[in-house]
Amino acid sequence: MKKKHSPITPKKALRLLRYVPLILWVAFWGAALGWIVCASLSTTKEIFTNNLLGSGIHFENYTEAWKYNNVPHYFLNSVMVTGISCLLIVLIASPASYVLAKKTFLGERLVMNFTVCTMSIPQVVLIIPIYIWFIKANLVGHLVTLIILYTTLNVPYTVFFMTSFFSTIPSALTEAAMIDGCTERQAMWRIIMPMAMPGLITVTIFNFMSIWNEYFIALIFANGNDKIRTLSMGLQNMITSMTYTGNWAGLFASVMIVFLPTFVLYLFLSDRIVAGITGGGVKG
């Protein structure tokens, strides 16, 4: 027997209309990303004549961009800065989040409100006083400067996110571990932290993407020294060099090199990201 399809009622039609903005948004970004991918595999002439991939696929754009635009050095700087910053953020924010979620102390609400308030301050407002302090401390022009800034600026959001996540983990688990002979610190690192891993992975991916693609702070604190420039700054140098070389295919290949790490990371860990977000939103 053929299944009878229910007619589309006005109520169902309104529900379907809710997805139209999402479909348009996905289509727009999908088309833009697809064009960049095709441009990175074409020649410069094909880009300007709107004949992408007309002469075939040119993977040499990637090898040349990697070899001649100092991309390996910028890539290594970005890996170091992003990796160390994300690690320090977790080590600093996790204990703080645990205390805010599980402990009651004088000024607890004040600390949490202060953390939320710091998230609302635009970075542009902070840059001038921070730059003056770092000039006096002779810290401008070092990779450690970027690590310090990225760590401190991302800790408030991580604390806010992880506090919500830790609050979903029953306190009875810590108490049981302490009865078995663990100290509270050991219980936190051995019992609670593994259970909070979905949230940690989620917030670390968000921090990774934010730091990896960050440009403004790198422009202010790392622009004068080519040795400490990250990929975002290196990409800006490549754009400037296009004025003289005209190698736009190499530029788009460089854009894809910057984009691919975060895309691949999200592709393989998307399930954990969803689990971390939904897990932190349900009170246990």
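Leaving aside neighbours within four places in sequence, which residues is S42 in contact with? The legends below take up this and other views of a predicted model.

**Figure 1. Overview of the protein chain.** The chain holds 14 helices and 0 strands. Read along the sequence, its pattern is α-α-α-α-α-α-α-α-α-α-α-α-α-α. Of the 284 residues, 35% are buried. Among contacts with a separation of 6 or more, 74% join residues 24 or more positions apart.

**Figure 2. Close-up of S42 in the loop between α2 and α3.** Helix α2 spans 20–40 and helix α3 spans 44–48, with S42 in the loop between them. S42 has 0% relative accessibility, so it counts as buried; the cut-off for buried is under 20%. The S42 side chain reaches the backbone oxygen of C38 at 2.7 Å. Beyond neighbours within four places in sequence, S42 is in contact with L52, L53, H58, N61 and A249.

**Figure 3. Close-up of the crossing of α6 and α8.** Two packed helices are described by the angle between their axes and the distance between the axes. Here, helix α6 covers residues 108–119 and helix α8 covers residues 143–166. Their axes come within 8 Å. They cross at roughly 130°. The two helices are therefore oblique to each other. The crossing in which α6 passes α8 is left-handed.

**Figure 4. Close-up of the residues between α6 and α8.** On the α6 side, the contact is made by M112, T115, V116, T118 and M119. On the α8 side, P156, Y157, V159, F160 and T163 take part. How do the residues of this contact divide into nonpolar, polar and charged? There are 7 nonpolar and 3 polar residues, and no charged ones.

**Figure 5. Close-up of F221 in helix α12.** Helix α12 comprises residues 216–221, and F221 is placed in this helix. Is F221 buried or exposed? Its relative accessible area is 1%, so F221 is buried. Not counting residues up to four places away in sequence, F221 touches I127, I130, Y131, F134, V140, G141, T145, L146, L149 and I228.

**Figure 6. Close-up of the pair F221 and I135.** Along the chain, F221 and I135 are 86 residues apart. In space, their C-alpha atoms are separated by 9.7 Å. The residues that F221 touches include F134.

Technical notes. Residues are numbered from 1 along each chain as its sequence is written. This is a predicted model: local features need pLDDT of at least 70, side-chain atom pairs count only at pLDDT 80 or more; totals for chains, interfaces and linings use all residues. Side-chain values use heavy atoms; hydrogens and water are left out. Axes are lines fitted to C-alpha atoms, for helices over the stretch in contact, and angles run from 0 to 180 degrees between N-to-C directions. Helices (H or I, at least four residues) and strands (E, at least two) are DSSP runs, numbered from the N terminus. Angles under 35 degrees count as roughly parallel, over 145 as roughly antiparallel, 65 to 115 as roughly perpendicular and the rest as oblique. A crossing is left-handed if the near helix is turned anticlockwise from the far one by less than a right angle, and right-handed if clockwise. Contact means heavy atoms within 4.5 Å. Ala, Val, Leu, Ile, Met, Phe, Trp, Tyr, Cys and Pro count as nonpolar, Asp, Glu, Lys and Arg as charged, and the others, Gly among them, as polar. Buried means under 20% relative accessible area, exposed over 50%, partly exposed in between (1.4 Å probe, protein chains only). A polar contact is a pair of N or O atoms within 3.5 Å; within protein, one must be able to donate a hydrogen and the other to accept it, and residues adjacent in sequence count only if both atoms are side-chain atoms.
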